[in-house]
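Open the model in your viewer and keep the selection box handy. We will go from stop to stop, and at each one I will tell you what to select and what is there.

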Amino acid sequence: MKQDRTSAVSAFFFDQRDHDLLRIVNEMLAGDMSSEHTQRRFFHYLHPRGIKEMAESKGLRIAYAVIHLLESLEGGQVNNRLSALRALRDEVMCSTNQDLQINTARVLIEIMKDLIRAHGSYDRQVTLAHDFRLVASGKPRIVRAYLKKYHLLEMPEEWNQLAFDDHVHDANTKGRKSATHLIMDAWIKGIRRLRVIYYNFIRPETAEELMKAAAIMGIIVRIGIEFSTTFYDRFAQLIWVPRGFADAEDFIKFLSLDEVDDLMNDGGEVSDYQRNHVLAVLEDFNGQHRHTLNRELGIDLAPLDVAEFLAFVGIGQASLLHLAKFIHTRLLPLIRARVGTLRTRYAEVDAGEKARIEALVETMNRLDMETIHDRYLKAGPKVFDIGPLPSLMRLSPCELIDRLAGLHSGYRITLNLTDLKVEDVLELLWDCMGQISRLEIFNLKDYACGKVEQIPAIHELQQSINSGNVIKLKHIILGIIDRLRQDSDPVSRARSQKFRSMLTEIEALKNMYKVRPLKPRIGSDSTGHSPRLYGMGLAVLDTLPGRAQKEIRSNREMTRMIIPLHVDTGLRVTCYNGMKRGGFMGAMLRILRLAPGLRDLGKPCRKEWVATVNSTRIVPVGNIVTLGGVDKNAKNGLTLHPKPEKIFQRPRSWAYLQSTWKNIFKVIIGFVPAFATFLLTHDWWVLMYFGAFIWFGITGLRNMVQSVIGGGGIRRSSLLKWNDFISWDRLSDSLLFTGFSVPLLDYFVKTLLLNRGFGITTATDPVMLYAVMALVNGIYLASHNLFRGLPREAAAANFFRSVLSIPVAFGFNAALGGVLGLAGVAGVNAILQSWAAVISKFASDCVAGFIEGTIDRAKNIKYRISDYRQKLEQFFDVHARLEIQFPEDDVYDLLDAPRKWFESSGAASRDMIRILIINSLDLLYFWMYQPRARTAFSNLLRDMAPDERCVLIKSQQILTMEREISQMFIDGIAGRNFSKPLAFYLDRSGEYLKAIEKLNASFEDSRTCN
């Protein structure tokens, strides 16, 4: 492995941190991680920007979470998966100074998934590790490039897009992913609303995992249970979606009700019956189609074992899809070996035999799971053929809905339209008397299989009912009657009589949906198994960023599809009054809000896209796009002429250079045009040889001062030095682009355009000189900001600050001229003209340093307040639970002797005390390390009630439990490398406790916490 790592690789590529990350990740993958599950059971309580930063890198923590999410799907690991998901979301979302924070987080998870799956290929892993660090920088151009690489659409950072899927499956039915994994992938795709469908019943632990995972990721999830009910000589599928539950625990209580439990047991009998049907199809395949395959393909497929098949299904519900995939996995090695034999024979036979071999190989190449299902399984035994139907399947649709209605007052019933005609839908709506409230008007799986010929007619029926259009309804019913009368089937003739009687009751049909319209549902029916079917997720184009819309509409070979449905949308803006600001800024805002159109200026606002009710309609070109793609040429990868296997080689591009070398090259690239311009256009040796250094010095100094001031001052804590605040990558980018501004401003604008073109100099018109230079500089800044993919607001702000620099530059020019004049220097105007570009640059950077430093400071305070609020919410929640557990004791008084309290408590109480310790350790780390943490904490304490503030301050005394906390570190509470955070805690906790006690005493309404 070591030899592979270093062979033929230049020392200029990849960072040592890439190799360090891989070393630890691969150790985790190769080792037994069951013990770490126990050690890390409190890990998700640690804040991503808290003390665990000292033990493990962000990349390693993300890797750990992804590893556990991609592990076994067994139900016993639910809590581990949920903890990993919570930790993963916290890690990828807790990053600062990123304009594409959520989109960056989505890509980071995808890269880490690839890195873990590439275990065993070090070259690919180290490339992915570097990709991870590139994307983690949050640079918009890089993030957008990787979004395209991973076939992800950019989503708005407000996270207000209309992205949904009303029909998906997880591993508990016929899907590929666990509930937690499904939710994670839905979030990565940008889905905000999801409806997961289960067959016949749902296990309480499955529902709990799904709902808790969705709550962690902020996804609205609905659980639908699909029942098959008898409808003439076939089945109609109804999806029951119980609604109105407060949380997962409330839904679990509902499932535990006796009548609901009875329904789930009856549903379990249906699933057993359907499993027996699948096994009957398996037996039929073994007895008939297996021999056909062996004969046609020249292979020897052994009889498929039932036990192996059921083990393959796992926790899911056996289906023909599972069976098709199982057969495919058994066939694939055999047909690969067969093609290998044919490949040898191919070179020795005549043209006719070659054609036969080519046709046979092409047949085997196209023998995927869909082909197996359609050709060999659909024609097998039917559901009705294997025995008496279970009682639940014998119910009519109306009888089933009546039973469901008695279980819960809040519910929705969706009719699955697969294999239904318009007359079937109308009859079901009529018989069920309006209790069917949704129609699955578009199913991507059915669309891909060509089962859409009845959808326009059904959609017309839905619109007619919702609009109350009696004329259209009558026309539809008469058309149904004519078709049924032409059918010789006696059932059809009987149904025609039913529809004839319906003509006299059209008013009743219209009134069924007068109050609550019949709504559409659109789903993918995704299982994650087939590359031929569109994956999970759909989005309304109008709600996506402009770049994403342009990418979709301009990419003709795109694997996504714009489905032929259109929904009208609107942007709803909600502004909140919040707290009234005082001081000068508050007074200015109140005055400005009096102006027309500025009523909400400065207020926090939330923008949310909403769909117009009953606006969904079928059109030739819609505005709903699939988030998943499809591989129309999916095959088994078999060929008679195999290409040499490609060996992955590490890229040697600019992007994979070591960070230090990359930053050096950026500075050199920017320095060359700057130095050449001063050297070739100036006569004074100072500017000739040192002008570029002065120019770069101004930019570098401005970036450093801005970073330090934004972070909290020259020495905001005793633990960090000034250079810990500086992003050298950000600085090198600034120096790269500032280098090209020298020939632009100093030569083309100042010399060619203004001096030689219009005769404008510092002597003739200094205001015009500096105004034009500032405007050109502003345009340049805005242009390269847009080129780098920064938000338009940032580009506009940089243009605006250049405009503000005009009077500053003029003032510097006048001051410098006065100083030189008083000093008796000859040729003042010539000197000022030579230095005009530098003066303009200095003025612009002074304004930028002030504005951007202030903005950085405000951002850091905002981030710290968010960090503290997360921890304080956690703290007060645990404190409340402790108060409930100790009803006769005051927890505030128990904190006087925390060690004694800890030793005398039960296991559950000790766990909550450990969570208090974790919160206090994070607060300690914030105070000592995070930029502007002290300012943010002071502001939060000032706004607290005195009692709450005193409880918080007093609880920090729990940090005096040195022996117990040290043992927690040794046990792995913060990760494997505990020595550094342990030493930090032991060295700094006393200093921290004194500081916050002093801070508390500074408030006028404080009380002594003792």
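Start by selecting Arg-932, which sits in the loop between helix H36 (907-929) and helix H37 (933-943). Helices here are DSSP runs of H or I with at least four residues, strands are E runs of at least two, and both are numbered from the N terminus. The phi of Arg-932 is near 60 degrees, a positive value in a residue other than glycine. For context, most residues other than glycine have a negative phi. Arg-932 counts as buried at 16% relative accessibility; buried means under 20% relative accessible area, exposed over 50%, and partly exposed in between, with a 1.4 Å probe and protein chains only.

Before moving on, some ground rules: this is a predicted model, in which local features need pLDDT of at least 70 and side-chain atom pairs count only at pLDDT 80 or more, while totals for chains, interfaces and linings use all residues. Residues are numbered from 1 along each chain as its sequence is written, and side-chain values use heavy atoms, leaving out hydrogens and water.

**The whole chain**

Zoom out for a moment. The protein chain has 40 helices and 14 strands, and its C-alpha atoms fill a box of roughly 115 × 85 × 70 Å along the principal axes. Of its 1010 residues, 52% count as buried.

**Two more loops**

Next, select Asn-614, in the loop between strand S12 (605-611) and strand S13 (617-618). Asn-614 also has a positive phi, about 60 degrees, although it is not a glycine. Its relative accessible area of 40% makes Asn-614 partly exposed.

Then go to Ser-409, in the loop between helix H18 (397-405) and strand S5 (411-416). Is Ser-409 buried or exposed? At 76% relative accessibility, Ser-409 counts as exposed. Add Ile-239 to the selection: the two residues are 170 apart in sequence, and their C-alpha atoms are 16 Å apart in space.

**Salt bridges**

Side chains of opposite charge can pair when their charged atoms come close. The whole structure holds 42 salt bridges, each a side-chain nitrogen of Lys or Arg within 4 Å of a carboxyl oxygen of Asp or Glu.

Stay with helix H36 and select Asp-922 together with Lys-871; their side chains meet in a salt bridge of 2.9 Å, N to O. Asp-922 lies in helix H36 and Lys-871 in helix H33, so the pair ties together parts that are 51 residues apart in sequence. Asp-922 is buried, with a relative accessible area of 0%, and Lys-871 is buried at 3%.

Now show Lys-52 and Glu-91, whose side chains form a salt bridge at 3.0 Å, N to O. Lys-52 is in the loop between helix H3 (34-39) and helix H4 (58-69), and Glu-91 is in helix H5 (residues 78-93), 39 residues apart. Lys-52 is buried at 1% relative accessibility, and Glu-91 is buried with a relative accessible area of 1%.

For a network, select Asp-233, Arg-234, Asp-424, Glu-427, Asp-431, Arg-495 and Lys-498, which are linked by salt bridges.

**Aromatic pairs**

Rings of Phe, Tyr and Trp (its six-membered ring) pair if their centres lie within 6.5 Å; planes under 30 degrees apart count as stacked, over 60 as edge-to-face and the rest as tilted. By this rule there are 31 aromatic pairs. Select one of them, Phe-14 and Tyr-656: a tilted pair, 5.7 Å centre to centre with 45 degrees between the planes. Phe-14 is in the loop between helix H1 (2-6) and helix H2 (16-30), and Tyr-656 in the loop between strand S14 (624-626) and helix H27 (659-681), 642 residues apart. Phe-14 is buried at 2% relative accessibility, and Tyr-656 is buried with a relative accessible area of 8%.

To see a cluster linked by ring pairs, select Phe-671, Phe-675, Trp-685, Phe-690, Phe-693 and Phe-696.

**A last stop at the surface**

Finish with Phe-12, Trp-661, Ile-664, Ile-668 and Val-672, a nonpolar surface patch with about 420 Å² of accessible area together. Such a patch joins nonpolar side chains (Val, Leu, Ile, Met, Phe, Trp, Tyr) within 5 Å, from residues with over 30% relative accessible area and no salt bridge; accessible areas come from the Shrake-Rupley method with a 1.4 Å probe, and for residues only the protein chains shown count as cover. Within the patch, Ile-668 lies in helix H27 and counts as partly exposed at 44% relative accessibility.

Conventions
Patch = residues over 30% accessible without salt bridge, like charges linked within 9 Å, V, L, I, M, F, W, Y side chains within 5 Å.
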